[in-house]
Each structure stands twice: as structure tokens, then as C-alpha cells.
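Colleague: Hi! Could you walk me through this one?

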Amino acid sequence: MRTINFTLNGEQVSAHVAEHQSIVEILRDRFDLFGARESCAQGLCGCCTVLVDGTAVSGCLYLAAFANGKSITTVEGLATNGKLTPIQEAFLEVGASQCGFCTPGFVLMAGQLLEAHPDPDDDDIRHYLSGNLCRCAAYPEIIAAVKLAAGRLKAGTT
Amino acid sequence: MATRTIGSGQVGRSVPRLEGAAKVTGRADYVHNIRLPKMLVGKIFRSTVAHGRIKSLNVSAAKALPGVYRVVTIDDIKTVIPNPFYGPAFHDQPILADGKVHFVGEPVAVVLATDPHIAEEAASLIEVDYEELPAVFDEVEAMTSKAVVHDELKPAGTFPDLKHLKGKKDTNIALDFHLRRGDPNKAFAAADHVFEHTFRSQQVLHVPLEPFVSAAELTETGLTIHTASQSPSFVRIEISRLLGWPENKVRVKVPYLGGGFGAKLYIKLEALVAALTLLVRRPVKISLTMEEQFYTLTKHAATFRIKSAVKNGKITGRDCEVWWNGGAYADIGPRITQKSGFTAPGPYDIDNVSIDSYSLYTNLTPAGALRGFGIPQLVWAYESHTDMMARALRLDPIEFRRNNILRDGRAQATGTQMKDAAVEQVLDRLALRMNWTAPFERGTGPVKKGRGIAVGFKASISPTTSIAIVNVAADGSVTLYCSTVDMGQGSDTANAQFVAEVLNVPAESVKVVHPDTDVTPYDMATLGSRSLYHMGNAVRLAAEDAKAKLSALAREVGVPEGSNVPVAELFQKKYKMQAGNIIGTGSYIPNYVPPDANGLTPEATPFWMVGGTGAEVEVDTETGHVRVTKMISVADVGRPVNPRIVETQLSGAATMQFGFTMQEKIELDGGQITNASFADYKIPSIVDIPRDMQNEAVESEQGTGPFGAKGVGESGTFGVSPAIANAIEDACGVRLTELPLTAEKVYRALREAQGRPLED
């Protein structure tokens, strides 16, 4: 067991963790954050996506101990004072979630995509989101939502 | 998709999902989120053999591991549930293996601990010695196999047509359904052409991204089960039966589901967590891993032999033999065998039909409902067969279908008249969207292009009941109580739209209370595209009841008919303060007549679903690689209640079936699944789907549906597999009869057609 100190959605926190525990386990059990979810447990579905120092990782494979000194952002940390981000707004408007279990992962990855490619075409979007799975297959809507958000961010209308 | 609103403008409008904001912020409520005081978690130890007697079970090393609270076997379970067998059709499935195991992955013991890692490690220390028994895996072999899965059949008694099977021995047939209409033999004797083909569907599974999860806790008044279930009312009734308790001592609560697709029906983990909680008097939660989903429920693999008589371009007779691979426990397989079995001849007007449909036990993971309830397996066969006949007869596949399809007013194989089933319209719209009559560019190099269509239909599961309650509070705000489970299909939103339409309020303002059997009334289950129709009708009736009571209240307090006095003022006038409720109730069960000895009935279903698919493909003839470039889904959904959600349901269903068509297959080695993970079992990702996907709901009304609507969750699946196989033959001349349609299969078929087959 060891104590880790890290920034969680902008707040300084600490936790006592075992070496084998993943960050997604700690977020769920110690911090009541359920948006990052373990699903495939192999880093292949994207449901457990969290940002570590601004970069997306599979939270089911990322050991909690590695978070020491880092800044972790989860989907719960995106909206501020109840105001959704442009990507969340676009997902909501287009109807890009069905069961919603994969949605946080897609929202976070779409954020990474638009940081790297503010004006992505369909292939960029597919390529960037290929590590996130949606069994309900809202893929056409997800592509539409990412484009809507990109357009608005570019135009500065949000 | 076009918007067609009615009356208050609530039905027919693309209302954003009520829970949309909760889902995009990660705050939606799932069983996954539940943590109860002093909760233990369970890890399941599973069978490693497909069929065997348990000679000894050694749990001592597991028990001795520090941190383990308890190790539980069937003997412990029997102290709280003496007869621990459950199931919707047969009481054949034990809560834990009882003396025998029937498939690889069957739960044998459970370790309880507060730390899931300790429970998992302890489970790996359990040792079992098996006496292996002969096993059977293939559904056709199971008909005659000497290996018999169950010593004795145990029908549940829920379905009267299974009672005759009680106590039957030495058979793997859990149900055989037979239908005879007209005189098929005469039709075959008089035919110009007779065609016979056999098709196979492989074993695949649902893999909702939220794996199965259930938790149970004892309360002052009984037992509460929190579960990711599509059938809370069934869970309550079945757990009550197992415990010998009245229904009101068992409370079942269901928040949102992270996908269901038919997997989370009936009893999955609920009986286990209930028994464990009663044993240890502490809350218990079990969350399965992705791998464990492969040992819980699959879709039925199926073999379908279909034979048709054709005379003057008309199909005059059809024989259908279908064998359904039900796995080790019946689950709902017998229902699939019958309720889907009777549509095996397809949406065609055929006077002489015989159907033999068999539900078989095998030593595989149990099979159950999966988005289509058996229909995609049937359409795969009859629409491939239809295309092969058209091709052999040198007829245009759309024209051949048009000459033979079932039109409204004509009787389907059961004798039930078709009504509000837009088969022809679906076909017409597909042809139009595919630009069918225009010349088609086929490609010149090694990459050949082709196109295909297919259309299928489905009956609803009948007779089933839904009940709803609409509560109007003293300020006029409205709450709906119903046990329909929103697993992503948008039922909360659609039901809110029905209430809103009747009461003339915005759908967004209606609160929908999630299934909680202490609070929400009975509903058969959320399955088979039944809910929008059955629950929709119940919700509409409940809202109309509330509306009538509001009118009565208005009269009582002296407000003239048709005046615009706000609802809150009516309550104020009556109670002199903000107080009171108006409760409206609605209950719906459609008419149904059970089939006679020949499988015939005038009322087989309250409504028909129709779905068609058009596909364009490119086949690389040097590698066998198939790229589906266009996939068009056209369906009769009645009136679309929420056009945007209808579109997502159509394309989502089509994409799921696209995975089952092109890439998904459970691989087996002696009954052992060798690809039980997302690393090896690949579901469609965003890069796999066709670049051009189109969806359309044809102009249609379901006369008996709520505001003209009917179910939509499955219709997009029906035509996908045969449309693509038909397109592949159109492109490169080879016909595949076994799913999935992999590059290897296409390449092998191409080589065989060239007279230089590949070795195995």
C-alpha cells in the first residue's frame, strides 16, 4: 500500500492505494466518480477513459500508483457549474448516446481529437475514435456531434 | 428523418432524450454505481469441462486465504432455497452447479470478500474433480445424439404448451413446434421448379458494454435487488417463487442499463445474489467481467433447411426445418422456437406451408433473446434462398419478391391476416433508394461490385401485459410510473411523449420513475420491440384516465368545460391549498388466440414489424475481402414517435447485425470458448461501419398502436445478413450459406468456383 497525492478535476486529493489497483477502481471506490467505467478490462473499449496531465489513457490499465503527482481529469470534471462543454452540448443535441455507458469515453476522446485537429474530416474522426466502442452503434451520430462541436468551437459561438 | 407531429405536437417530435445531460456528464445512474453498507462482492468459480459429474469439490485453500469471508456451493444455497432451479420456460438452471456441469463456464462456486481482488484470487484456488461425460455441441447432432444434456426435462409450467414435456427423458428437444397449412406435398409435386438450401447462423453474443451486474440487500420488509435487468417484474415473481415469499417482500429496482439487447432478461445473477445475501445476512454484489459474459448468454446458432416449390413465378409451397442451438439451459429458447418459428416462411403469400422448428439442448453457454428474437437467423436463410431462386429463374430479385409478398388482408402461414404491415412499401422504398432500375457500375479490375436487398418481418410476442400509472401533482406537474427499462432505446423519452401528448404538456416536463417493483406496476418485460406498443398503449390509457379525472375535478369545482384554468388552480379550489393528486391508470393486453394442433391461429400477434436492407459491396477477388460501401435500412415502424431516436435505433440495430454478419463468431474448441475477450472477439468499431448508411421509416400507421406507433428496436437487423450475401454473389458469383461472411470464406468459395479449391 502507498499514499498518492494528485489533482482530481482541479482539486488536490490523496488516497491510500494498493500496487495492483487501477485508477478507475480508485475513482469509483474512493471518490464516487462513476463516469469512467471498467468494461472490457483490456484497454480496448474506451469506457474507462480518463485524462492524465491532459492525455487520454485507459483507466482500467493505468495503475493508481502512477497518478501520484499527476493531474487527473474525468468526465465529471468537464462541465463547470452545470454548463456543458461544446462537445457535451453537441452529443446531447445530436443524440449521440443511447445507453450512455461508452459516452464519457467518447466525449473525452473527442476533446483530445479537437485539440489536435480543430477541423477534422470524417476519416480523422474515425481514426481518432477507433479505440472507443459503442455497442448501441451511435457512430453516425457521434461523427455528426464531433463535427458540430468542431464547427462551433472554430466559429467561437459557444 | 421527417417530422410528423400530431395534436399537441409531442408525438412525432425529436425530443432530446430526457436523460441526455446525465449521460454526457457521466452522471447517469447504473447498477455499476451501487455500493451498499457492509457490502461483500462475489467472484464466481466456473466449470472447465462441457459436461461432467462433479466427483469432488475442494474449497479449503480458497477458504484459507486471508480476507475471504465465505465460499459458497450449491449445498449452502439449498439451505436458503431448497429447490434452486429457475428459468422462464423450464426450471432447469441451478443457481450453482448441482452435482453436474453442463457447459464450460457454468458457475460452480462463489467466493465472497470485501476486496474483489482477494475474492478473485481465492476463486482460482478452488479445485474440482470431474467425471467427464459425452457432450454435444451441434444443434442438428443434438436431435439424435447419444449425449443427452439433461437427465430429465423440467418445464416451468408458465407456458401451457410445454407441459407435456414434463419428466421426459433421453431427449435434447426442449420444444418442437409444427405448423401445417394447405398441402405442401401436392405443391411440390405440381411445381415447375423445386429449390432446397440449408443455411447456418453462428453463435454470437450481445456484449453490452455494461456487463451483467446485480446486488441484493436485506431490509426490514424483505429483500431488495438492484439489477441491470430488462425484466424487473419477472425477477420479482421468480425470486418470490424460489423463496416461497409473497411478491411484496421482494423489491426489484432497475436504474439505466448500459445496453441489454436481450441479454439481461429473466434471471441472470439475481437468484445468486439473493441467495448469497440470505446466507450471509449482508449485502452482496456481483459484477461480471467481459469474459464472463461469454459464459452467461449467447444468441442461438441455428441451422435452417428451406425448400420451395415455384410455379409460374409464384412460390406455391414451402417446407421449413429449423434447429435452434439452445445451449445448456432453455432460457427463452422455446419461445423463440415457436414465436419466431412460425414466421420461418418469410413475408410471402404461400398457400402450402410446413414448419418444423426445434429448440435443442447442447453443452454450450445458454442461448436466449438477442435483438430480433430469432428473426435474423430466419431472414438470413429465407432471403438468401429467395435471391438464389430469383437468380436461377433469371428473374429480377425485387420483381420476384413483389410477385410473392404478403399484402394486407392476406393470411400469413398461421392463418392470421396481415394488417398494417408495409412489406411492399418497404420493398419499393428500398428499390428507389438503391436506384435499382438504373445501370449498376460493377468495376473492372480485381475488385468487383455488387448489390443486394432483403426484407424480413416479425410478429410481436403475445399475449403480454403492461400497466402504467400517471400521477398529476397539485401544481400540475406530471409523473409516469412504469416498469419499462430504458437500456438505451429511449423508452423514457417516448413514454413521456405519450403522456405529454394526452395531457398537452411539454414531454421534457414529464418525470419518468424507473422500474421499482415497490412503486411501478407490472410489465411483462422490455423485449422483442414490445414496449413502445404495449407499454405505450398502457401509458396512453393511464394519461387519458388522468385527463378524464381532471375534467371531473374541474366540473366538481365549478369550472366550465373547455376553459383554460390551470391544473394547479383546480387543486387549489378543491383542497384550499397545494394538495392532492390525480392518479390515472392504464392496463393493456392485446387479443391472442393460441395456435391449434396444426400451429394455426387467427390472432398470432397484435402487430407486425417489417424491416428491409439494401447493401452495396466491393469484393476483392484476389483476397476475398468484402467492403460494404452502402447499407440502407428501411422499416415499417408505424408512426415514428421520436424520429431522431427511430433513426438511431434503425442504424444501431443494422450495425449490430452487420457485426454478426461480417466479423463476430464465438470460436469453440471442445466446448471451450477460445475468444472470450474484446481482444479476440471483435465487435464493429467506428472504422468498420459502412461509409454510407441511410435509414428510413416508411409512411405508415399501426392502427392499434399508441398514436399509430409500433416497436422499432429490432427491425433494422432483419435484412442485413442476406442483403450482404446477396450483394456478394451479385459482385463475384459465389454464394455463402454460413455466417459470418469472412474474407476466408469468400476466397475459398472463389477458388472452388475456379476449380482449384484450397486445402483446409
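Modeller: Happy to. N9(A) is partly exposed (between the cut-offs of 20 or more other C-beta atoms within 10 Å for buried and 12 or fewer for exposed, with C-beta atoms placed from the backbone), because 18 other C-beta atoms lie within 10 Å. This is a predicted model, in which local features need pLDDT of at least 70, side-chain atom pairs count only at pLDDT 80 or more, and totals for chains, interfaces and linings use all residues. Residues are numbered from 1 along each chain as its sequence is written, while chains are lettered from A and ligands numbered from 1 in the order in which they are written.

Colleague: Where is N9(A) found?

Modeller: In the loop between β1 (2-8) and β2 (11-17) of chain A; strands are DSSP runs of E, at least two residues, and helices runs of H or I, at least four, numbered from the N terminus. Phi of N9(A) is near 50°, a positive value in a residue other than glycine.

Colleague: And N312(B), buried or exposed?

Modeller: N312(B) is exposed, because 8 other C-beta atoms lie within 10 Å. Its loop runs between β16 (301-311) and β17 (314-325) of chain B, and phi of N312(B) is near 50°.

Colleague: New topic: which peptide bond leading to P463(B) is cis?

Modeller: The one from S462(B), with omega near -5°. P463(B) sits in the loop between β20 (447-459) and β21 (466-473) of chain B.

Colleague: What about the bond from L739(B) to P740(B), cis or trans?

Modeller: Cis, with omega near -5°. P740(B) is in the loop between α18 (720-732) and α19 (743-753) of chain B.
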